[in-house]
Structures are given as C-alpha cells and as structure tokens.
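Open the model in your viewer and keep the selection tool ready. The stops below go from whole chains down to single residues.

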Amino acid sequence: MTTTVVAETVRVRATPEERRARLLSVIYFLLAVVVVMVFARGVEAGEQATFGLSLPRDRFTDLAWTFDPRLLAYLVAIGMVVLGGWQLTRGFGSKTNLVLGLAMVAFVLSFMGWAAAGQSFSMVGMLTSMVVLSVPITLGGLTGTMGERVAVINIGIEGQLLAGAFAGTIVGSIAGRWIGLAAAIAIGGLLGWVLAVLVIKYQVDQIISGVAITIFAIGLTSFLATRVLGVNQDLNQPDRFTTINVPLLQDIPVLGNMFFKQNLFLYVSLVLVVGLHFGFFHTRWGLRARSVGEHPKAADTLGINVFRVRYQNVILGGMIAGFGGAALTLGSTGRFEEEMTAGIGYIGLAAMIFGRWKPFGVLGAALVFGFSRGLQQKLGILGTPIPSEFLQMAPYLVTMVVVAGLVGRARPPAADGQAYIKD
Amino acid sequence: MTVGPTFRDITGVGTRLGRSLLVPTLALFSALVVGGFIIAVTDVDILRIWGSDPGEALSQTLDSVGGAYRALFQGSLGSRRALSETLFAATPLILAGLAVAVGFQAGLFNIGAEGQMLMGGMVALYIGFTFDGPAVIAIPLALIGALVGGAIWAGIAGFLRAYTGAHEVITTIMLNFVALFLTDWLLKTSVFQQLGRADPISKPVNEGAELPRIFGGDFRVTIGLFVALVAVVFMHWLMSRTSVGFQYRTVGNNPDAAKYAGMNVVWIYVAVMATSGALAGLAGSNQILGLEPYQGSSAFSSGIGFDAIALALLGRSQPVGVVYAGLLFGALTAGGREMQGSERIPIDLVVVIQALIIIFIAAPALVRAIYRIKGEEEGSSQLTSGWSA
C-alpha cells in the first residue's frame, strides 16, 4: 500500500505538450483499428470501388479511379500505425497539425472507399458540392474574423446572413439581381453598424448584442416572409447569378469543376480570402487593425483611432455577411425560405475558430465543413448505415475539440470581446 | 473599468426588483412601439393608398395596428381561456429563463438552454413511454430524468470550461446543434419512432406520464406551472439562503476572490452549468409531457431556449423577476397566436418584439438616451470577455 502512495507522489506530471502527443498517438492507433475492423473487413475480397472524376459535359470525360478498397484500407492502417509510433517517440514538431490533417484525409478516403465498395461514386460531384456549400461558410467566417481581429465578437453572423438572403431576394425580384446584391450587402452592413453602435458606443455585452441581432433578423424575415412574400409570390422570384466558366482553367480535370465552373459568389469569396490575408498581414491597415484587437490602449497611444477602426471592420464584416446571404438566394435556389440559413452563420463562427482567425484558415475550415455537409447529402445515395445526422454534427463536434485545446490551442486576439473605454 | 457594477447593470444581479423596473418597462413600451411601426409599414394594401389618400391610409394604419394589439391583449388577458393560454405558454419560459438566470448569477453565459431542453425532454420522453405506472410515480420519475438529462448535457460545457478553459458560449452553441441532430437521429431509431412513421416523430408517452391540466377541459395550463413555481422558490432559496448559492454568486462576482477564499472554482463551474441545464431540461420535459400530442418531434424545444436569454435579462436574473418576465412573454406568445388567428399578423412579430426588448434592456444607456432620463453612473454592460477563460 505505502509503496503505491509514494510512487504516486513522486510521479512527475506530464506537460500539456506531452499529454497532447500521447493523446494524438492514441488517436492514430484507434483510427488504424477502425480502418482495419470496419473499412477493410467490411468489404468483400475482390470488390472494387469506382470514383468518378469527370462529369458528362466536361472536355475530358470518363475519367475515373477504380481501386480495391480493402487494399487501400490496409495501406491507410499501416500508415496510421507508423504515424502513431512516430508521434509517440519523436513527434512532428511544428508539422503536427498538418500531419494530423493529412491522416484525416486518408481516413476519410478509406471511409469513402468502404462506402462505395461495389459501386460507382461521383467524386467530382461530391467535391463540387463541397466547394458550393463552403462559400457561405467562408463568408460567414470572414465576417467573424473581421470583427474579432479588432476585438469585437460578432455572434450575429447568422442574422446578417439571413437578412442579406432576404433583402437580396426581395430587392432582386423588383429591381434585378445586381441591385438585389447591392441591397443584400447594404443590409448586412446596416446590421454590422447596429452591432458596432451597440457594442462600441453603448458598450452592450457583445454576445447579447449578437444574439439579439440574430433573433431580430430571424423574427423580422419570418414575419415579412409570411406577410409580404406569402401574398406576393412574384417578390420571391429574383434573377439568379449564373455560372461563369473560366476559359482554359475550366478544362482541368476535377479542379475545373470545383473552382472554375462556379458563379460570382465563389470567385469573390476567393478574392476576399486572398485580399484579406494580404490586407491583415502585409499592409499598414492590417497592422493597425490587429493592434486594435491585441492591445487597444497601445494602439490608441500611437494615434490609431480605436473606435473608427472597430466601426469600419464590423460594418465591412456585416457587408461580407450580407453578400454571403445573397449567395444562398441569388447564387443558389433564388427562393427565400424562413430560417433558411439553418446554422450556417454558427458554422462560419466555428470555421473562424478552426481557421485560427486567419482568412486562409477560414477557407480551409469552410472546405472541411462543406465536405461534411456534402458527404451527408451523398451518403444517402450510397446507402451506408451511417446516419446523416452524425455527419451534420461533425463541424460542431470538431469545433468543440478545437476550443477545448485537444488538437492544438486556438488563441483569439488578446483583447477579443472587451469594450474599449477611453480614459 | 471594474466588473462589479457593469455586471449588475445588465443582468440586474444584486439590484432590487422595484428599483430596477424602470428600464424594463420602458424597454417593453419601446419594443411595442417599434412593433406597431413594423405592422404599419408592412401592410402592402395600405401602403398603396398613402399616395392618393393619406388621411384614409393613416386611419387604416391605426386600425390595423390597433386591431393587432387589441388581439394581442384579448388573446393573453381578455378571457379566462386567454389567461390559461398565457400561463400555459409561460410554464416552459419560466423554467428556461430560470436556467439562464442561474448562469448569469454565477457569471456564466448559458446559450445552450435549447439543446439542454432537447436532451432533458428526450429522457423524459423515454421514461414517459416505457414506464407504465400510476401518475404519482411516472410523472416525478420523468421529471427527474429530465433534470438529469439536461444537467449532464450542460455539465459537458461546464466541464470543458473548468478543465480546458473552452468558453461556455462557444461550447453551448455547438452543443445546441449536436443535441438537435442527436434528437433527430434518436427520434428515427426504432426505440423512439412511432410505428409506421418515416419522419422523426416518437411514440406518445403513456397516459400516466401526461401532466394533468389544472382546470381540466379546454384550459391547457397543466400542473407543470406548479413545477415551475416550485423550481423558482427552490432556486430563490438555493441562491440567497444556502452556502452553495453563496459560492455560485461569489464565483460570478469575482472568481479570483472565490479561489483565494478556498472555493473549488473548477467544480463550481461544472455545478452551476449542471444546475442551469437541469432547469432547462425540466423546461424541455414540459414540451413533451405538458402539451398535446405528448410526443417528441424534431426541434420540439421550438426556440424557447433562446427566448430564455431575453427572459433572464428582463427578470434581472432574479428567480422572482424571471416569473414576471415569463408571464409577460407567455402573454405575448398567447396573444401572438390570437393576433395571427384573427388579424392575420404573423406570430413572428412577437420574436421581433422580444429581440428589441433584449437590445433595450442590454443597453440601458440607449433607453435613457431615448427618454432623456438622467441616469446613475453608466458602467459598461459587459458579461463576457473573449473566448479564452
């Protein structure tokens, strides 16, 4: 008895890094077990899976990848074991998250091989819908990033998206799609301004302001959808933005369908991601904005107008969300439905955290979340026993894992969420 | 900038109910005025006459707004049946509002009441259709199940906050969605799903587990109202008369002081979230056991978990205040149904009014500016600060 007690007290506690490394290697080993037990043994010997890599109207048709999912699963499992061992003994240093990400891609690939065993599955269709679904998530995430980089938490993204979607539809039906788009951006900016006034001028709690904006937008758009659109169906039929094919690039297999046969909204999102990355990290404007988010007092002392920077960013963020809302109507079905955002704004918030408050991170996270949404739509076709609800949960679970610091710690701007009061 | 007065300013923690009634009253009034304006400008038929006959348009607008608010009043307080509808709607609102208020008192922002309602409700539902026995056993058993279900679900967020520093605002939002999809899935499993249905609709609970109606017949208010009132009294006692409540409030006022005083802050976070979630779970059970058709369906919490935030703010985070706020929102909901039925004004207007109430209450400076009230010193009304603890 006594010896155990002594052993307990002498034992040195592991540092967080050591604990994390151990946890990660356990994860790799568990994934290897799942891959062997489910994905490899769940497929009959000799059964082939086919991933379609082209669509009927492409320049290069009939591209496909046919493979043995059992073989793939065993290869992936061996890889996982190697990674787990390496993680435990040597570690990957700064590449830890990259390796984990690649391992996840391999895992998902093996999963899809298992799901598609004995069938043919349009991989390119899946990847294209991933990109389409990621657009509003990216824009929502950029909205959040714009705010939090200057220390204003915007939890009203959902409401701003919804308002943009509504304004885009109704104005677009009356005055054409371009004016509709402008209206969507304007209404998003207006709600951004409301948020800015509440949190900057009146120093209202940022979470409460955001929640109130979302509830307000849900209530008002649902009210108007019933009261106005319900009676005037012609106000819910705007012209939509059609596909713009990029010459030459559209003929690249797979990538052409994913990125170069899309509408305005994807192209603008990509430009925004690159532009904001450059703006935040390579210009004076970005340095000033970030300093306001990290240490407003120091920024103020250096002559930066903290309030003005915050107003600008939050309003611009709202405009991005309004644009994202228009993507849901003018860039998609064209019809507004009550509460049609269905949590996309919150997934955008999650993408911001998962993407570590960086534009490219947001894009990457949005693609991951878009993938899980796309997969959930396609899995029904393949008839897998995995309920679609679990895939729908995935983005939210991943975000909880990230904020809990299980897979690397996400660090927000230092002054995030705090009102600035000038002395 | 200190945290003490700012916290009190917005959540009303530590203020007396009587003294703090001014801002809520003005907030309600302002919200109703804006709501009337929204009704006026969205009536397409009347908008068309403004150009030709402004006098007629004005009188029609006043008629339309007046009619709407008359229906709102009639449907909430105008008859015995209306009163019963108000109490019926107030029951889950009081419980959910209480859940968020407890969190506020301890400095935690529980946005997850919606998900906790779903999980609590699911446990109550399961007990409700599996346990076949007399009501005196079935009802308490289902309610206790709901308490436990909600407490565990919220406890996850409390646990993550305590051990990893993950902010409860993020985790509870995420848990809401996880709960939503989890219930959708559960309701489609053979355990829950009603025979012959393809959509997420559960079997109805056994008759013994249905909450009896207080007045019987058409009056829908159930004994769930008494459950809610007991919860209010219990929470009032717990928060202001026991050492547990003292610890909760101390952590809310100053976590560092609580730590130096020897309180186990880590466990208090978990306990507070669990207490809050238990109340939300109880609210969820009311949505299963307390209304026809006594079965589970997709998103049966129907947004009450979000209304709860407004309720807690309006009730100044005091258990008794939440009762008043719950009755008010219950009246708005019951009246809103009447307004939708007889005046064809969509009930979503009530949601808009609730959002406006939140904004006006959370920004006392805004209300004071509108009505030119000379206020006490104005603190920043901040509850949360950033995602990292």
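Here is the tour, one selection at a time.

**Confidence first.** This is a predicted model. The predictor gives the complex an ipTM of 0.84 and a pTM of 0.87. Colour chain B by pLDDT. Its average is 86, and 90% of the residues score at least 70. Select helix H6 (residues 113-130) of chain B: among the elements of that chain, H6 has the highest mean pLDDT, 95. Helix H1 (residues 4-11) of chain B has the lowest, 49. Now pick residues 1-6 of chain B, where pLDDT stays under 50. The model has eight contacts beyond four places in sequence for this stretch.

**Chain B as a whole.** Show the cartoon. You should see 16 helices and zero strands. The C-alpha atoms fill a box of roughly 70 × 60 × 35 Å along the principal axes. How does the radius of gyration of chain B fit a compact globule? With 389 residues, such a globule would have a radius of gyration near 21 Å, and chain B has 22 Å, which agrees. Of the 389 residues, 56% count as buried. Take the contacts in chain B with a separation of 6 or more: residues 24 or more positions apart account for 76% of them.

**Helix H8 of chain B.** Select residues 168-188. Are the residues of this helix mostly buried or exposed? H8(B) is mostly covered, with 19 of its 21 residues buried. Put a distance label on its end C-alpha atoms: they are 30 Å apart. At 1.5 Å a residue, the 21 residues should span 30 Å, so the helix agrees with the expected span.

**The loop with a cis bond.** Stay in chain B and go to the loop between helix H12 (265-289) and helix H13 (304-314), where Pro293(B) is found. A cis peptide bond joins Glu292(B) and Pro293(B), with omega about 0°.

**Two domains in chain A.** Switch chains. Colour domain 1 (14-118) and domain 2 (124-403) of chain A separately. Their centres, taken over C-alpha atoms, are separated by 31 Å. Ten residues from domain 1 and nine residues from domain 2 take part in the contact. The domain 1 side has six nonpolar, two polar and two charged residues.

**Where the chains meet.** Show both chains. In this interface, 45 residues of chain A are in contact with 46 residues of chain B. On the chain A side, helix H8 (206-229), helix H14 (344-354) and helix H16 (388-403) each give two or more residues. H8(A) gives the most, with 17 residues. By class, the chain A side divides into 28 nonpolar, 13 polar and four charged residues.

**Ala212(A).** Zoom in on helix H8 of chain A, where this residue is found. Ala212(A) is buried, because 31 other C-beta atoms lie within 10 Å. Which residues does Ala212(A) contact, leaving aside its neighbours within four places in sequence? They are Ala355(B), Ile358(B), Ile359(B) and Ala362(B). Gly156(A) is 56 residues from Ala212(A) in sequence, and their C-alpha atoms are 7.6 Å apart.

**Two positive phi values.** Go to the loop between helix H13 (306-333) and H14 of chain A, the place of Ala342(A). Phi of Ala342(A) is near 45°, a positive value in a residue other than glycine. Ala342(A) counts as partly exposed, because it has 15 C-beta neighbours inside 10 Å. Last, select Trp357(A), in the loop between H14 and helix H15 (359-382) of chain A. Phi of Trp357(A) is near 60°, also positive in a residue other than glycine. Trp357(A) is buried, with 21 other C-beta atoms within 10 Å.

Methods:
Residues numbered from 1 in each chain as written. Chains lettered and ligands numbered in written order. Predicted model: local features only at pLDDT ≥ 70, side-chain atom pairs only at ≥ 80, totals over all residues. Contact = placed C-beta atoms within 7 Å. Helix = DSSP H or I, 4+ residues; strand = E, 2+ residues; numbered from the N terminus. Nonpolar A, V, L, I, M, F, W, Y, C, P; charged D, E, K, R; others polar. Rg over C-alpha atoms; globule rule 2.2 N^0.38 Å. Buried ≥ 20, exposed ≤ 12 C-beta atoms within 10 Å, placed from the backbone. Domains from an automatic or database assignment. Expected span 1.5 Å × (residues − 1). pLDDT = per-residue confidence, 0-100.
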